[in-house]
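Got your viewer open? Let's take a short walk through this model, one selection at a time.

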Amino acid sequence: MNYKLIFPLLTLIGFLISCNSYKIKVYSLSRNIEYTETDGKMRMFTSEPNKSIVLISDSTLNYSKIYGHLGASTTIKYRKSNDTLILESQDIYGKNLTENNPDFSNLYLITNDSLTSLMNKEKYYSTDYLKNSSKKPKGFYIVYENKAYKIKGQKSADRILGKIPNMDTNKFVELDKDFAKKKYGINRKYKTLEYK
C-alpha cells in the first residue's frame, strides 16, 4: 500500500468536507408597508430599502442594500459573542461602513430565526423561518366603513383605497389584534388598519 499517496488524499478530502460543511444562512429585513400619494393616488411602498445579511462562512458575511433598482453589497468580517453578532466597522476592502451611514448597524441579537439590530431595532428574518412560519402571513387588512378588506398587493390596495374619498393617511389606525379578531373575525396573525 502506498502511504505517501493516502495522506495527501485524506488531507484533501478533509479540506473539501470542511469547506462544504458551513451552511450559508440568509436573513432578510422585515419591511413596514406605508402609503404615499403619487399622481393623485395613494400607493403602497416599503419605507426601508431592501436589505439582507448573508452569513457565508463562520467569520464572513455579505451585507446588501437595494433602493428600487439600485443596490450595493459588501463583504464584512464578523464574530459571535454569546447571542450577539458583531460586525467590523470596515469591510474587507478597508471601506469605513459607519462613516456617513446612520442606518448601518454592527451589533445584532442573533437567533436561528432572526437578527435584530441593537442600534436601530431593524429585524431580519431567516429565509428558513419565512418559508416555514405561519407568523409571517402575506398581506394585511384595511377596515373601511365597518367592512374588512384583505390587502394582498398593489391591485387590491388600489381597489380599496379608491373607495375612500379625500383620503388622509393620518386617519389610518392600527387595531388591536384581539379586537380585530372579535369584531371582524380577522386572524390574529394579520395586521389590521382601520380608516377612521
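**Stop one: an exposed loop**

Select Asn82 to begin: at 78% relative accessibility, Asn82 counts as exposed, since the cut-off is over 50%. What you have in hand is a predicted model, so treat each stop accordingly. Asn82 is in the loop between β6 and β7. Check its backbone too: phi of Asn82 is near 55°, a positive value in a residue that isn't glycine. Most residues other than glycine have a negative phi.

Now jump to Glu145, in the loop between β11 and β12 (147-151). Phi is positive here as well, near 50°, and again the residue is not glycine. Glu145 counts as exposed, with 65% relative accessibility.

**Zoom out**

Colour the chain by secondary structure: you should find four helices and 14 strands. Of its 196 residues, 34% count as buried. Switch on the surface and you are looking at about 13100 Å² of exposed area, with carbon and sulfur atoms supplying 52% of it. As for contacts with a separation of 6 or more, 39% of them join residues 24 or more positions apart.

**Stop two: aromatic pairs**

Show the aromatic side chains next. How many aromatic pairs does the structure hold? There are five. A pair of rings is described by the distance of the centres and the angle of the planes.

Select Tyr63 and Phe104. Their ring centres are 5.4 Å apart and the planes meet at 85°, so this pair is edge-to-face. Tyr63 sits in strand β5, while Phe104 is in the loop between β7 (84-87) and β8 (107-110), so you are looking at a link between distant parts of the chain, 41 residues apart. Are the two rings' residues buried or exposed? Tyr63 counts as buried at 6% relative accessibility, and Phe104 counts as buried at 4%.

Then pick Tyr144 and Tyr195. This aromatic pair is also edge-to-face, with 6.1 Å from centre to centre and 65° between the planes. Tyr144 belongs to strand β11 (residues 140-144) and Tyr195 to strand β14 (residues 192-195), so the pair ties together parts of the chain 51 residues apart in sequence. Tyr144 is buried, with a relative accessible area of 11%, and Tyr195 counts as buried at 11% too. Add Phe172 to the selection: ring pairs link Tyr144, Phe172 and Tyr195 into a cluster.

**Stop three: the second largest pocket**

Rolling a probe the size of a water molecule over the atoms shows where empty space is left. Go to the second largest pocket, which holds about 250 Å³ of space. Select Lys65, Ala72, Lys95, Leu97 and Asn101: of the 13 lining residues, these are the closest to the pocket's centre. Which strands each supply at least two residues of the lining? They are β5 (60-67) and β6 (70-81). The largest share, four residues, comes from β6. Colour the lining by class and you get four nonpolar, five polar and four charged residues.

Finish on Lys65, which lies in strand β5. At 14% relative accessibility, Lys65 counts as buried, because the cut-off is under 20%. Add Asn50 and draw a distance between the C-alpha atoms: Lys65 and Asn50 are 5.7 Å apart in space, and 15 residues apart in sequence.

How values were computed
Residues are numbered from 1 along each chain as its sequence is written. This is a predicted model: local features need pLDDT of at least 70, side-chain atom pairs count only at pLDDT 80 or more; totals for chains, interfaces and linings use all residues. Side-chain values use heavy atoms; hydrogens and water are left out. On a 1 Å grid over the protein atoms alone, a cavity is a set of points where a 1.4 Å probe fits but cannot get out, and a pocket is an open set with protein on both sides within 12 Å along at least five of seven lines; lining residues have an atom within 4 Å of a point. Grid points are joined across faces, edges and corners, and a volume is the space filled by probe spheres set on the points. Ala, Val, Leu, Ile, Met, Phe, Trp, Tyr, Cys and Pro count as nonpolar, Asp, Glu, Lys and Arg as charged, and the others, Gly among them, as polar. Rings of Phe, Tyr and Trp (its six-membered ring) pair if their centres lie within 6.5 Å; planes under 30 degrees apart count as stacked, over 60 as edge-to-face and the rest as tilted. Buried means under 20% relative accessible area, exposed over 50%, partly exposed in between (1.4 Å probe, protein chains only). Contact means heavy atoms within 4.5 Å. Accessible areas come from the Shrake-Rupley method with a 1.4 Å probe; for residues, only the protein chains shown count as cover.
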